[in-house]
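Subject: Structure for you to look at

Hello,

Here is the structure I said I would pass on. Please open it beside this message and follow along.

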Amino acid sequence: DWVLALEPAHGSCQAARVNGTLSRARDGMQYALQFSLRVRDGRWRIDDVVVDGVGLAETWRRRFEPLARGRGVPGVDVEMRRLAARYPLTQPPTLR
């Protein structure tokens, strides 16, 4: 089972960062995480997630931007559904 451990947030009333780790005891696997959050429309939103130093927003932007230009939103939707089926989330992590 995966365990998500989060540290207290650092930032302002409009933007914050939360550091944490995602770990699995049975094999010692561990990932460093950093969540970047911003207030939009009066609500906190996750702006980016960095996993072991790799920002997911930029990574996915590079992957889907050419597809969006070529096939539009329907093309991106098809690809995201294909990926979701390929990598199903079997069990969410336990929060600690």
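Is E58 buried, partly exposed or exposed? The model is a predicted one, and in it E58 has a relative accessibility of 36%. E58 counts as partly exposed because this value falls between the limits of 20% for buried and 50% for exposed.

E58 is also one half of a salt bridge. Its partner is R61, and the closest N and O atoms of the two are 2.7 Å apart. Both residues belong to helix α1, which covers residues 56-86. They sit three residues apart there, about one turn of the helix. R61 has a relative accessibility of 43%, so R61 is partly exposed as well.

The next pair to find is R63 and E79. These two form a salt bridge in which the closest N and O atoms are 3.0 Å apart. The two partners can be compared with the limits already given. R63 has a relative accessible area of 42% and is therefore partly exposed. E79 has a relative accessible area of 17%, which means that E79 is buried, as the limit for buried is under 20%.

E79 has a salt bridge with R82 too, with 2.7 Å from N to O. E79 and R82 are three residues apart in helix α1, so about one helical turn separates them. R82 is partly exposed, because its relative accessibility is 41%. Elsewhere, R38, R40 and D47 are joined into one network by salt bridges that share partners. The count of salt bridges in the model comes to nine, and the ones described above are among them.

Now for the nonpolar side chains. Which residues make up the largest nonpolar core? There are six of them: L4, V18, L33, F35, L37 and V49. Strand β4, which runs over residues 29-40, gives the largest share of this core, with three residues.

V49 is a useful member of the core to click on. Leaving aside residues up to four places away in sequence, V49 touches Q34, F35, V54, G55 and L56. One of these, F35, is listed in the core together with V49. Another of them, L56, lies in the residue range of helix α1, which is 56-86.

Regards

Methods: Residues numbered from 1 in each chain as written. Predicted model: local features only at pLDDT ≥ 70, side-chain atom pairs only at ≥ 80, totals over all residues. Heavy atoms only, no water. Salt bridge = Lys/Arg side-chain N within 4 Å of Asp/Glu carboxyl O. Helix = DSSP H or I, 4+ residues; strand = E, 2+ residues; numbered from the N terminus. Buried < 20%, exposed > 50% of the residue type's maximum accessible area, 1.4 Å probe, protein only. Core = buried A, V, L, I, M, F, W, Y, C linked by side-chain atoms within 4.5 Å. Contact = heavy atoms within 4.5 Å.
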